[in-house]
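User: I should like to learn how to read the features of a protein model, one at a time. Could you take me through a case?

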Amino acid sequence: MELRHFRYFVTLAHTLHFGRAAQALDIAAPTLTVQIQDIERRLGVQLFARSRRDVRLTPAGEMFLLEAKQVLAQAERAVQAGQRAGRGETGRIEIGYIGSAVYSGVLQTLLATFRQAWPGVIVTAKEVSQHESPAMLVDNRLDVALVRMPIHLHNRHRAHVLFRDSFCIALPAGHSLAHASGAGAVDAGSLDGERFINPEQTLGTFEVARRGGFTPIIGSAPGSLIAVLTAVALGEGVAIVPDVLVGATAIPGVVFKPLAGPPIHSEISAVFRSFEPSLAVTKLIAQITQTAAVTSYALSG
């Protein structure tokens, strides 16, 4: 049975008049009569009781009417869903992010703006190691990745900077440098011999070591910034971390200090595929590329 059969039946059931129903359907009355007879023949039941004066639904017709209206409503919803998807108004987007994308507010702002503009799109976000993000983009397990630059990108990926900050040093509260007088900026040379706890982005650690003229001793590389700061709080070493953490975290036993000399800048970027087939993802990428980078330096040396 085709969808048109349901439309014919429901229209006649509402008008209970073959002439008016045929006019509403823009077909000839004899054609409608043949179509209704065909439906009844397919079902093996009489749906309408006909007389010279009127047309009435039979009990079977009343029951069939309930189901037929649901079929038509579902078909209409399917059409609308397909149209919305075709316009990129619905769909699903997977975002992977690093911790500092949350501390900086980049993730929250990105999703709030997009969800307000496109409420029909389902956006899910999960913390992902930035070393895993490029491969997950290639495998379509992620649509957009928020990472801390620099990072090696696949030639099919593009990046757009959303946030700029600088590195500072996180020290155990009992460390002698944590109580330095004055501005308290820590000179790179004074860190020779320290054990470093490395975050995912090691740029800051190795730039400090280069400036200080030493090879850093890497104690551990626990990954997430919370894990790094926890290790610092436990006295396992010092860490060169983004200064966006200053004021954003309150972990007892950790003191943040600026680094002496020129700032070691860093960036949080959104990485995405250069050629994106999903219209919903394309809309998010358009929002990203139209967003100017925010600059925030919490500490200065």
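Analyst: The discussion below takes the domains, one helix, the backbone, several single residues and the internal spaces in turn. Please note that this is a predicted model.

User: Let us begin with the overall layout. Into which domains is the chain divided?

Analyst: There is domain 1, covering 3–87, and domain 2, covering 91–300. Their centres, taken over C-alpha atoms, are separated by 61 Å.

User: How should I read the two sides of a helix, and which residues of α2 are buried?

Analyst: The general idea is that an α-helix has 3.6 residues a turn, so residues three or four places apart point the same way. Helix α2 spans residues 18–25, and Phe 18, Ala 21 and Ala 22 are its buried residues. Viewed down the axis of α2, these buried residues fall within an arc of 100 degrees, so they line one face of the helix.

User: Which exposed residues does the face of α2 turned away from the buried side carry, and what do the buried residues pack against?

Analyst: The face turned away carries Gln 23 and Ala 24, both exposed. The buried residues of α2 pack against two helices, α1 (3–15) and α3 (29–43), and two strands, β1 (48–50) and β2 (55–57).

User: I should next like to understand the backbone angles. Which sign of phi do most residues other than glycine have?

Analyst: Most residues other than glycine have a negative phi, and most peptide bonds are trans. Against that background, two residues flanking the discussion of α2 deserve attention. Leu 16, in the loop between α1 and α2, has a positive phi near 50 degrees. Asp 26 comes just after α2, in the loop between α2 and α3, and its phi is also positive, near 60 degrees.

User: Are Leu 16 and Asp 26 buried or exposed?

Analyst: Leu 16 counts as partly exposed because its relative accessibility is 32%, a value between the cut-offs of 20% and 50%. Asp 26 is exposed, with a relative accessible area of 71%.

User: Where is there a cis peptide bond?

Analyst: A cis bond joins Met 149 and Pro 150, with omega about 0 degrees. Pro 150 belongs to the loop between β5 (144–149) and β6.

User: How does one read the surroundings of a single residue? Which residues does His 157 touch?

Analyst: One may ask where the residue sits, how accessible it is and what it touches. His 157 is in strand β6 and is buried, at a relative accessible area of 9%. Leaving aside residues up to four places away in sequence, His 157 touches Pro 134, Leu 137, Val 138, Val 271, Phe 272, Arg 273 and Ser 274.

User: May we apply the same reading to a loop residue? Where does Gly 184 lie?

Analyst: Gly 184 lies in the loop between β6 and β7 (195–199). Although placed in a loop, Gly 184 is buried, because its relative accessible area of 4% is under the 20% cut-off. Its contacts, again without residues up to four places away in sequence, are Lys 257 and Pro 258. From Gly 184 to Ala 78 the C-alpha distance is 64 Å, with their positions 106 residues apart in sequence.

User: And is Pro 277 buried or exposed?

Analyst: Pro 277 is exposed, with a relative accessible area of 72%. Its place is in the loop between β11 (265–273) and α10 (279–289). Pro 277 and Val 34 are 243 residues apart in sequence, and their C-alpha atoms are 46 Å apart in space.

User: Finally, how does one read spaces in the model? What is the volume of the largest pocket, and what lines it?

Analyst: A pocket is open, whereas a cavity is a space from which the probe cannot get out. The largest pocket holds about 180 Å³. Its lining includes Ser 104, Val 106, Thr 109, Phe 163, Gln 287 and Val 294. Helix α6 (106–117) and strand β6 (157–172) each supply at least two lining residues, and the largest share, four residues, comes from α6. By class, the lining has six nonpolar, six polar and no charged residues.

User: How many cavities of 30 Å³ or more does the structure hold?

Analyst: There is one cavity of that size. The largest cavity has about 100 Å³ of space, and among its lining residues are Ile 98, Arg 148, Phe 167, Glu 200 and Pro 242. The lining of the largest cavity has five nonpolar, five polar and two charged residues.

Key. Residues are numbered from 1 along each chain as its sequence is written. This is a predicted model: local features need pLDDT of at least 70, side-chain atom pairs count only at pLDDT 80 or more; totals for chains, interfaces and linings use all residues. Side-chain values use heavy atoms; hydrogens and water are left out. On a 1 Å grid over the protein atoms alone, a cavity is a set of points where a 1.4 Å probe fits but cannot get out, and a pocket is an open set with protein on both sides within 12 Å along at least five of seven lines; lining residues have an atom within 4 Å of a point. Grid points are joined across faces, edges and corners, and a volume is the space filled by probe spheres set on the points. Ala, Val, Leu, Ile, Met, Phe, Trp, Tyr, Cys and Pro count as nonpolar, Asp, Glu, Lys and Arg as charged, and the others, Gly among them, as polar. Buried means under 20% relative accessible area, exposed over 50%, partly exposed in between (1.4 Å probe, protein chains only). Contact means heavy atoms within 4.5 Å. The arc is that of the directions from the helix axis to the C-beta atoms. Domain bounds come from an automatic or database domain assignment.
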